[in-house]
Amino acid sequence: MQRPWDDWDHILKVDPDKDLVDGETYADVVTCGTDAIEVGGTTGVTEEKMADVVEACAEYDVPLYVEPSNPANVVYRGGVDGYLVPAVLNAGDIAWLSGVQKEWVRIDDDIDWERTFTEGYIVLNPDSAAATLTQSDCDLDPSDVAAYAEVGERMLGQEIVYAEYSGTFGDPEIVAAAADALDDATLFYGGGIHDYESANTMADHADTVVVGDLVHDEGVDAVVETVEGAKDAKAATISE
């Protein structure tokens, strides 16, 4: 069965708690060439902020997904193609593996299960807000990360495994180990993608690269470079 993300080389993640670069609009952001827009953030995201960004992005013919960091910022509206829900595989606080998700199910009778998917996160930057919030064990070598990836796919049935370096460029060896451990699950990579070369490097290992802070820090032109880097890497792989 074809999954929505099977053909995505590049995702642009927009943080509702952060501003765009002066002079740029969400129209500029959504039409930068990315394969999908994901709206979400670790801290400071409210339902109102989430709704504002989703509303601005939903007008364009680009797949739009909400990544809720907690049940309070889930937004239902037309134009949203689905929901990508993090489950942190290496979390020290078990709430981030199943507890937060349980609470969403408990309080929300409107979950559209046909369009709701989980992402098996492996958080790898110990200095990130995500690592602090989830108390993740980030002291992992390639074999540890490969094992987490395999647990996510084989034991927990994750169709997406997400190597998340959150703000810093990761170790390609570790990302490659995660990729090698997976059979059918899709490997997302996020963290420190800031130009053509960084996107091209990680797209050699991950199925999909995720770009986030760059759009808020440097703007759309910088994001376009990462789109080109990711897509060139995939084109080179196909031609081999």
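Glutamine 101 is a buried residue, with a relative accessibility of 15%, and its home is helix α3. Keep in mind that you're looking at a predicted model. From this residue we'll move on to asparagine 125, then to the two positions that UniProt lists as "binding site" in an unreviewed entry, Asp15 and Thr42. After that come the pockets and a couple of helices.

**Glutamine 101**

- Why does glutamine 101 count as buried? Because its relative accessibility is 15%, and the cut-off for buried is under 20%.
- Setting aside neighbours within four places in sequence, glutamine 101 is in contact with Val85, Pro86, Ala87, Ala95 and Trp96.
- A polar atom of the glutamine 101 side chain also sits 3.3 Å from the backbone nitrogen of serine 98.

**Asparagine 125**

- Look for asparagine 125 in the loop between β5 and α4.
- Asparagine 125 has a relative accessibility of 11%, so it counts as buried too.
- Its side chain has a couple of backbone partners to check out: the backbone nitrogen of aspartate 127 is reached at 3.0 Å, and the backbone oxygen of tyrosine 165 lies 3.2 Å from a polar atom of that side chain.
- Leaving out neighbours within four places in sequence, asparagine 125 is in contact with Ala131, Cys138, Glu164, Tyr165, Ser166 and Thr168.
- Want a sense of scale? Asparagine 125 and aspartate 141 are 16 residues apart along the sequence, and their C-alpha atoms are 13 Å apart in space.

**The two "binding site" positions**

- The UniProt record (an unreviewed entry) gives Asp15 and Thr42 for "binding site".
- These two are spread over 28 residues of sequence, yet they cluster in space, with a largest C-alpha distance of 8.4 Å.
- Both Asp15 and Thr42 belong to the lining of the largest pocket.
- Aspartate 15 sits in the loop between β1 (10–14) and α1 (26–30).
- Is aspartate 15 buried or exposed? Aspartate 15 counts as buried, because its relative accessibility is 12%.
- If you ignore residues up to four places away in sequence, aspartate 15 touches Gly40, Gly41, Val45 and His216.
- The side chain of aspartate 15 also has a polar atom 2.9 Å from the backbone nitrogen of aspartate 17.
- Threonine 42 is found in another loop, the one between β2 (36–39) and α2 (47–57).
- Threonine 42 has 34% relative accessibility, so it counts as partly exposed.
- Beyond residues up to four places away in sequence, threonine 42 touches Ser69, Ala129, Ala130 and Leu133.

**The largest pocket**

- About 840 Å³ of space lies in this pocket.
- Which residues of the lining lie nearest the centre of the largest pocket? Lys13, Gly41, Thr42, Glu164 and Ser166 do, out of 45 residues that line it.
- Plenty of helices and strands chip in: β1, β4 (82–88), α3 (99–107), β5 (116–123), α4 (129–134), β6 (160–164), β8 (208–211) and α8 (213–217) each supply at least two lining residues.
- By class, the lining of the largest pocket splits into 19 nonpolar, 17 polar and 9 charged residues.

**The second largest pocket**

- This one has a volume of about 170 Å³.
- It is lined by 12 residues, and the closest to its centre are Asp9, Ala203, Asp207, Thr208 and Lys234.
- Helix α9 (residues 220–239) gives the most to this lining, with 3 residues.
- The lining of the second largest pocket has 4 nonpolar, 3 polar and 5 charged residues.

**Helices α6 and α7**

- In α6 (residues 172–181), the buried residues are Ile174, Val175, Ala176, Ala177, Ala178 and Ala181.
- What do the buried residues of α6 pack against? Their partners are α5 (142–155), β7 (186–190) and α7.
- The N-terminal end of α6 is capped by aspartate 171, which has a side-chain oxygen 2.8 Å from the backbone nitrogen of glutamate 173.
- Over in α7 (residues 196–203), you'll find Ser198, Ala199, Asn200, Met202 and Ala203 buried.
- At the start of α7, aspartate 195 has a side-chain oxygen that reaches to within 3.4 Å of the backbone nitrogen of glutamate 197.

Key:
Residues are numbered from 1 along each chain as its sequence is written. This is a predicted model: local features need pLDDT of at least 70, side-chain atom pairs count only at pLDDT 80 or more; totals for chains, interfaces and linings use all residues. Side-chain values use heavy atoms; hydrogens and water are left out. UniProt positions are given in the numbering used here, feature names are shortened, and annotations may be inferred rather than shown by experiment. On a 1 Å grid over the protein atoms alone, a cavity is a set of points where a 1.4 Å probe fits but cannot get out, and a pocket is an open set with protein on both sides within 12 Å along at least five of seven lines; lining residues have an atom within 4 Å of a point. Helices (H or I, at least four residues) and strands (E, at least two) are DSSP runs, numbered from the N terminus. Buried means under 20% relative accessible area, exposed over 50%, partly exposed in between (1.4 Å probe, protein chains only). Contact means heavy atoms within 4.5 Å. A polar contact is a pair of N or O atoms within 3.5 Å; within protein, one must be able to donate a hydrogen and the other to accept it, and residues adjacent in sequence count only if both atoms are side-chain atoms. Grid points are joined across faces, edges and corners, and a volume is the space filled by probe spheres set on the points. Ala, Val, Leu, Ile, Met, Phe, Trp, Tyr, Cys and Pro count as nonpolar, Asp, Glu, Lys and Arg as charged, and the others, Gly among them, as polar.
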